[in-house]
Amino acid sequence: GQAPEAPSRLRLGAAFAASEVLVLLALLGPLIGRPFWQGFRAYAYPDQLTYASIATNWAMGDSRFVEPFTQTGTSHYPSLWYQAMGLVARLTGAPVHVIWTLFGVLIVSAAVLSTGLLAYRMSGRAWAPVLPALALFTGVLAGVTAGQWGLELLNHAILWGPLASLFTLNAEAAGTCLVIIAMVLLLGADPGNGGTYRRRSLVIAAAILGAIANVHTYAFFSGL
């Protein structure tokens, strides 16, 4: 068969815009009707508030690498994501929870848009960029079978759908999205043009994967 005709820029732009609307719906939809800009995204709040304390310390000018609860003076937790949040909050004067959400929405959007671009390059279909955004709404039927976002398994394990895993917009979500972006660079590397683009993509992907070690340990292992 013949190759599909290249879609117009308008159709392709509409597909990417639709994917971004879906991202916002997934991440902000559960907060509709709630004081979103006035409060913290407190889902599994003990963990999230502990992470937020790292960003809050940096926002207040305290850049010591301390453990949030005991203040022992030493922390082995990869905290680059929260430190960056705190630094931006300090420079802009914005509340930490606003920067938290802004960072999270941007990194999820970047992952979905980059994956959508790869889908378009592989298929040539104008609607392909919408598919990664739709994948956010897939799950494990936990809402039907368990009445919650995840299915609890044995040994303190929970099976999450993408939306539930990313909703907190913490460093785990950021690390996962960075892994996705790195994988897109690897899969989309063009072996043509003397291998120039491929080498550049491999170097950038490797740098991203290395940086994830300072963001989230399990995401780093998964990316490797």
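The following conversation goes through a predicted model and asks what stands behind some of the terms used for it.

Visitor: What does the secondary structure of the protein come to, and how do the elements run from the N terminus on?

Guide: In this predicted model there are 10 helices and two strands, and their order from the N terminus is α-α-α-α-α-α-β-β-α-α-α-α. Of the 224 residues, 40% count as buried.

Visitor: Why is the pair of Trp81 and Phe103 called edge-to-face?

Guide: A pair of aromatic rings is described by the distance of the centres and the angle of the planes. The ring centres of Trp81 and Phe103 are 5.4 Å apart, and the cut-off for a pair is 6.5 Å; their planes stand at 65 degrees, and planes over 60 degrees apart count as edge-to-face, so the pair is given that name. A search of the whole structure finds five aromatic pairs, and ring pairs also link Tyr51, Tyr77, Tyr82 and Trp100 into a cluster.

Visitor: What makes the pair of Trp81 and Phe103 a tie between parts of the sequence?

Guide: Trp81 belongs to helix H3 (residues 80–92) and Phe103 to helix H4 (residues 96–123), so the pair ties together parts that are 22 residues apart in sequence.

Visitor: How do you know whether Trp81 and Phe103 are buried or exposed?

Guide: Buried means under 20% relative accessible area. Trp81 has 13% and Phe103 has 16%, so both rings belong to residues that count as buried.

Visitor: Which values describe how helix H1 and H4 are packed?

Guide: Two packed helices are described by the angle between their axes and the distance between the axes. For H1 (residues 9–28) and H4, the axes come within 10 Å and cross at roughly 145 degrees, and the crossing is right-handed. Among the residues that make the contact are Phe16, Glu20 and Leu24 of H1 and Val108, Val112 and Tyr120 of H4; the residues of this contact divide into 12 nonpolar, four polar and one charged.

Visitor: Why is Leu141 counted as exposed, and why is Leu169 called buried?

Guide: Leu141, in the loop between helix H5 (130–135) and helix H6 (142–145), has a relative accessibility of 62%, and since exposed means over 50%, the term applies. Leu169, in the loop between helix H7 (162–167) and helix H8 (171–187), has a relative accessible area of 1%, which is set against the limit of under 20%, so Leu169 is buried. Phi has a positive value in each of these residues other than glycine, near 60 degrees in Leu141 and near 55 degrees in Leu169.

Definitions and conventions: Residues numbered from 1 in each chain as written. Predicted model: local features only at pLDDT ≥ 70, side-chain atom pairs only at ≥ 80, totals over all residues. Heavy atoms only, no water. Helix = DSSP H or I, 4+ residues; strand = E, 2+ residues; numbered from the N terminus. Buried < 20%, exposed > 50% of the residue type's maximum accessible area, 1.4 Å probe, protein only. Phe/Tyr/Trp six-rings, centres within 6.5 Å; stacked < 30°, edge-to-face > 60°. Axes fitted to C-alpha atoms, helices over the stretch in contact; angles between N-to-C directions. Left-handed = near helix turned anticlockwise from the far one by under 90°. Contact = heavy atoms within 4.5 Å. Nonpolar A, V, L, I, M, F, W, Y, C, P; charged D, E, K, R; others polar.
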